[in-house]
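User: I'm new to this one and I'd like a close look at the sheet and what sits around it. Could you walk me through that part in plain words?

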Amino acid sequence: LKERVMINKQRDEMTELGVMFNELMDNLEKSFQQQQQFVEDASHELKTPLTIIHGHLSLINRWGKDNPEVLERSIDLSLNETNRLIHLVSELLTLSRAEESTISQSSLEKLNIRMVMEDIVENFQTINHNFTISSTIDVEADFAIKILKSHLEQIMIILLDNATKYSTEQKLIQIHVSHTNRQLKIEVKDYGEGIPEEELPFVMNRFYRVDKARSRKHGGNGLGLAIAKRLLDLYQGTLEIDSVYGKWTKVQITFPLNGSS
Ligand code: ADP
């Protein structure tokens, strides 16, 4: 009997090992496929502006020498596309760096949230004077947590940029900063075009845009929210989006306070 129990136990362990191995291989394959998809999507995004620039250079080559109007227009449009390429490559680098890095809590300095948020709002308001940015900062004057200042700034710029890019007539952005014992919470709400409910689960995916043409017009590559999400992941933070299409969009981010405040 003892022997049979031993054999059964060994068999169970072998089955368990087999299941673990299969899971590991599935995960590896999935991450490989995701990587491949990413390279494919990124190449496609890079190809579009390059094709446009190539088209304009061909135009200049054929007609531009004798036609200053063609020359000027094609140079202008090519410059727009090179700016787009520079922006895209810099976003791809940011995303790749954020995906590679990890944050060691012990190496971080504490950041005064009220001061940093006030600066971010003030700077953003200066550049976007046609917007009313109303901020309520419900944290104590000395409230501080461990986050890299550049990361918080980068996340806030992505959210505020989106709030302006997808605005309609009502140029109002509301920011609310608050905290509980467990987390810091920042909400950014705009009253712009909103996001259709069925698209909400996808907007954080890399390169995903609800309206490709509109986003492109504003220089959007569909990478902003993916970058913000990845930066938040470094702190075990969260990003949630709520929206009523045609009315408003609210993005809420949180940072856990355990061990970091
Ligand atoms: P993009 O650079 O295109 O803005 P994001 O990753 O920041 O990329 O956003 C993905 C998509 O989600 C956008 O293309 C847009 O369709 C939608 N979106 C994001 N934020 C907002 C917002 N505040 N209002 C309406 N739509 C938004």
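Analyst: A quick definition before the tour: two strands pair if DSSP finds at least two bridges between them. With that in hand, here is the sheet, bearing in mind that this is a predicted model.

Five strands make up an open sheet, and reading across, the order is β2-β4-β5-β7-β6, with mixed pairing. The edge positions go to β2 (132-138) and β6, and each of these has a single partner strand, so one side of each is left without a neighbour in the sheet. From one strand to the next, the twist averages 10°.

Let's go across pair by pair. β2 and β4 run in the parallel sense and share seven bridges. Within that pair, Thr 136 stands opposite His 176 of β4. Next come β4 and β5, which pair in the antiparallel sense, over seven bridges. A hairpin of three residues takes the chain from β4 to β5. In this pair you can look for Ile 175, which stands opposite Val 188 in β5. Then β5 meets β7 (residues 248-256), antiparallel, over eight bridges. One spot to find there is Lys 185, whose bridge partner in β7 is Thr 254.

Now zoom in on one residue of strand β5 (residues 183-190), namely Glu 187. Is Glu 187 buried or exposed? Its relative accessibility is 14%, and because buried means under 20%, Glu 187 counts as buried. Setting aside neighbours within four places in sequence, the contacts of Glu 187 are Gln 174, Ile 175, His 176, Lys 250, Val 251 and Gln 252. Ile 175 has already come up as the residue opposite Val 188, and His 176 as the one opposite Thr 136.

What lies across these strands? Helix α4 (residues 149-165) lies across β4 (172-179), β5 and β7, and runs at about 25° to β5. Helix α6 lies across β6 and β7, at about 145° to β6.

That brings us to the nonpolar packing. In soluble globular proteins, nonpolar side chains tend to be buried together. Here the largest nonpolar core has 53 residues, and the ones touching the most other members are Ile 113, Met 117, Leu 152, Leu 184 and Phe 255. Helix α4 gives the largest share of this core, seven residues. Phe 255 is a nice one to click on: beyond its neighbours within four places in sequence, it is in contact with Ile 145, Ile 147, Leu 152, Ile 155, Arg 182, Gln 183, Leu 184, Leu 232, Tyr 235 and Gly 237. Two of the other well-connected core members, Leu 152 and Leu 184, are in that contact list.

There's open space to look at too. The largest pocket has a volume of about 800 Å³. Its lining takes in 40 residues, and Ile 158, Asn 162, Lys 165, Tyr 166 and Leu 225 lie nearest its centre. At least two lining residues come from each of α2 (68-100), α4, β5, α6 and β7. Helix α4 supplies the largest share here as well, eight residues.

Since α2 has just come up, a stop at Leu 88, which is found in that helix. At 1% relative accessibility, Leu 88 counts as buried. Leu 88 and Leu 46 are 42 residues apart in sequence, and their C-alpha atoms are 7.8 Å apart in space. Leaving out neighbours within four places in sequence, Leu 88 is in contact with Glu 45, Leu 46, Phe 207, Asn 221 and Leu 223.

One of those contacts, Phe 207, deserves its own look. Phe 207 sits in the loop between β5 and α5 (212-217). With 8% relative accessibility, Phe 207 counts as buried. As for backbone angles, most residues other than glycine have a negative phi. Phe 207 isn't a glycine, yet its phi is positive, about 70°.

Gln 236 is another residue with a positive phi, near 55°, and it isn't a glycine either. You'll find Gln 236 in the loop between α6 (224-233) and β6 (238-244). Is Gln 236 buried or exposed? Its relative accessibility is 59%, and as exposed means over 50%, Gln 236 counts as exposed. So, of these two loop residues, Phe 207 is buried, whereas Gln 236 is exposed.

Key:
Residues numbered from 1 in each chain as written. Predicted model: local features only at pLDDT ≥ 70, side-chain atom pairs only at ≥ 80, totals over all residues. Heavy atoms only, no water. Helix = DSSP H or I, 4+ residues; strand = E, 2+ residues; numbered from the N terminus. Buried < 20%, exposed > 50% of the residue type's maximum accessible area, 1.4 Å probe, protein only. Contact = heavy atoms within 4.5 Å. Axes fitted to C-alpha atoms, helices over the stretch in contact; angles between N-to-C directions. Core = buried A, V, L, I, M, F, W, Y, C linked by side-chain atoms within 4.5 Å. 1 Å grid on protein atoms, 1.4 Å probe; cavity = no way out; pocket = protein on both sides within 12 Å on 5 of 7 lines; lining within 4 Å. Points joined across faces, edges and corners; volume = space filled by probe spheres on them.
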